[in-house]
Amino acid sequence: MTETLIFELGASGRTSSPLPDCDVPARPLKEIIPAGLLRKKPPGLPEAGEAEVARHFTRLSSLNYGVDTGFYPLGSCTMKYNPKINEYAARLPGFARLHPYQAEDQVQGALRLMYETQRYLAEITGMDEFTLQPAAGAHGEFAGLLMIKAYHDHRGETGRRRVVVPDSSHGTNPATAALCGMEVQQVRSGRDGTVDLEALKDALGPGTAAVMLTNPNTLGLFEREITKIAEAVHRAGALLYCDGANMNAILGISRPGDMGFDVIHLNLHKTFSTPHGGGGPGSGPVGVKSGLAPFLPSPAVGFDPAGGRYYLDYDRPLSIGKVRSFYGNFGVVVRAYAYIRAVGGEGLRQVGEDAVINANYLLSLIRGTYRVPFDRRCMHEFVVSPPAGFKEAGLHTVDIAKRLMDYGYHPPTVYFPLIVEEALMVEPTETESRSTLDAFAGALLEIAREGFENPQLLREAPRRTPVSRLDEVVAARKPVLRWRPPAAEE
Ligand SMILES: *Cc1c(COP(=O)(O)O)cnc(C)c1O
């Protein structure tokens with residue numbers, strides 16, 4: 001099925017907006033535009049009535065799938081529902097219309113909001129200081145590793161240029177390390193899916209700058225030996241970096257700072273109520289222990305209790321400098337602030353508990369049909385493989401993912417983490433009701449049955465979407481990004 005394009009709508013001579021008559025003397029185009037640049041034929045622009053145009057674009061807008069239209073269990077992405085009240089807060093003119101060059105005494109409210117958000121995030125993560133500058137998770141990793149590099153260099157340990165990552169790590173971790181000019185060293189996971197402490201110890205040495213970990217890890221498993229890991233990393237003179245993009249599971253329950261992490265980034269656009277997924281603005285604040293605080297990006301937002309004033313502190317000689325224009329994506333910080341204030345400390349803990357309960361409940365409904373490679377209590381998400389027998393029937397994870405679209409769901413994350421064969425990574429989040437989880441599990445079980453009875457149905461899915469299966473290689477290498485009139489009419 002192909003989509004109707006705006007170019008194919010309407011008919012010659014149809015129009016939406018009659019233009020007024022020209023009230024200046026008309027000059028022939030030939031006198032204004034050099035002959036060589038003039039078109040030989042009219043350009044063939046769409047000619048459609050206003051109602052046709054309005055319906056066309058409204059229909060297109062409804063083709064988007066979002067968390068406001070349905071369940072979106074995209075593992076590691078925390079596609080939870082974002083309360084609309086936080087959008088309202090971010091749009092308040094006093095925030096939305098500020099100019100970044102306004103004088104400090106005119107923006108005390110905004111500075112206070114930033115300062116307090118830094119303090120809340122420090123309290124939530126067990127860190128000492130925060131910066132709100134980085135614009136995304138990967139950007140936070142970048143700022144964090146630059147600080148770690150600056151820290152080692154400042155101590156004269158300029159040889160520390162290696163970053164250790166587990167083989168289950170999010171792709172941004174090794175990519176960030178490489179971008180910072182570091183050498184990446186991968187360590188394999190143990191048989192239970194968590195870090196193999198002995199393998200990690202072997203990897204540590206005088207050249208190690210940092211170990212980057214995610215806890216809970218990308219399999220949704222809590223690293224139970226985290227304090228021993230931290231001890232080993234610190235004994236080797238290295239620092240422990242926490243990829244805190246997925247804080248949802250441990251909010252209000254445990255704190256990376258207490259586990260021994262030295263640096264953490266958070267994704268406000270995952271955990272703290274900013275819609276994401278369309279490439280819109282994000283925010284990846286970074287928290288550090290006090291030893292790293294001098295290296296934080298400049299300016300920092302400070303508070304002078306004697307004068308009762310908030311201020312921007314540019315006087316930071318060891319700072320890694322700016323990582324973003326001005327002060328970061330302020331509107332995202334407003335949403336996070338409103339969210340944290342509305343939910344409160346107890347509420348944050350409940351978010352963590354509900355995220356974990358929802359994931360475990362959903363897993364319990366499909367366990368037995370879908371294979372669970374590392375079967376223990378999961379945290380905010382879990383990873384399964386297709387039912388036994390699917391492979392023999394020539395069916396793959398991608399077929400399950402595509403078929404889920406026919407049931408009206410966004411597919412889970414697929415083929416990640418790489419250490420699980422045919423991975424399906426499901427993160428339901430705390431904002432979903434039991435009936436949604438029941439219905440989704442029902443679809444997964446139904447698809448398992450379909451796979452055995454009518455595998456072709458899965459191979460040809462999706463059928464209820466505007467386009468069915470794309471050749472993903474062609475789509476990536478030779479994307480069709482513009483409409484061309486049929487050759488005969490050109
Ligand atoms: C989402 C995510 C990131 C990257 O965050 P971006 O904002 O997309 O750059 C890093 N690590 C993990 C574990 C993530 O889930």
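A cavity is a set of grid points where a 1.4 Å probe fits but cannot get out. The exercises below apply this idea to a predicted model.

**Exercise 1.** Find how many cavities of 30 Å³ or more the model holds, and state how much space lies in the largest cavity.

*Solution.* Beginning with the count, the rule gives 3 cavities of 30 Å³ or more. Turning then to volume, the largest cavity holds about 80 Å³ of space, while about 60 Å³ lies in the second largest cavity.

**Exercise 2.** Describe the lining of the largest cavity by its helices and strands, and then by residue class.

*Solution.* First, look at the residues themselves, which include Met114, Gln118, Phe130, Thr131, Ala300 and Val301. Next, place the lining on the secondary structure: the elements α5 (108–125), β1 (129–131) and β8 (300–304) each contribute at least two residues to it. Finally, sort the lining by class, which gives 9 nonpolar residues, 3 polar residues and no charged ones.

**Exercise 3.** Determine which classes of residue line the second largest cavity.

*Solution.* Start by locating some of the lining residues, among them Leu219, Leu221, Leu363, Pro373, Cys378 and Phe382. Then assign the classes: the lining of the second largest cavity has 9 nonpolar residues, with no polar and no charged residues.

**Exercise 4.** State how the protein chain is divided into domains, and give the separation of the centres of domain 1 and domain 2.

*Solution.* The chain is first divided into domain 1 (6–63), domain 2 (84–343) and domain 3 (348–477). Taking the centres over C-alpha atoms, one then finds that 50 Å separate domain 1 and domain 2.

How values were computed
Residues are numbered from 1 along each chain as its sequence is written. This is a predicted model: local features need pLDDT of at least 70, side-chain atom pairs count only at pLDDT 80 or more; totals for chains, interfaces and linings use all residues. Side-chain values use heavy atoms; hydrogens and water are left out. On a 1 Å grid over the protein atoms alone, a cavity is a set of points where a 1.4 Å probe fits but cannot get out, and a pocket is an open set with protein on both sides within 12 Å along at least five of seven lines; lining residues have an atom within 4 Å of a point. Grid points are joined across faces, edges and corners, and a volume is the space filled by probe spheres set on the points. Helices (H or I, at least four residues) and strands (E, at least two) are DSSP runs, numbered from the N terminus. Ala, Val, Leu, Ile, Met, Phe, Trp, Tyr, Cys and Pro count as nonpolar, Asp, Glu, Lys and Arg as charged, and the others, Gly among them, as polar. Domain bounds come from an automatic or database domain assignment.
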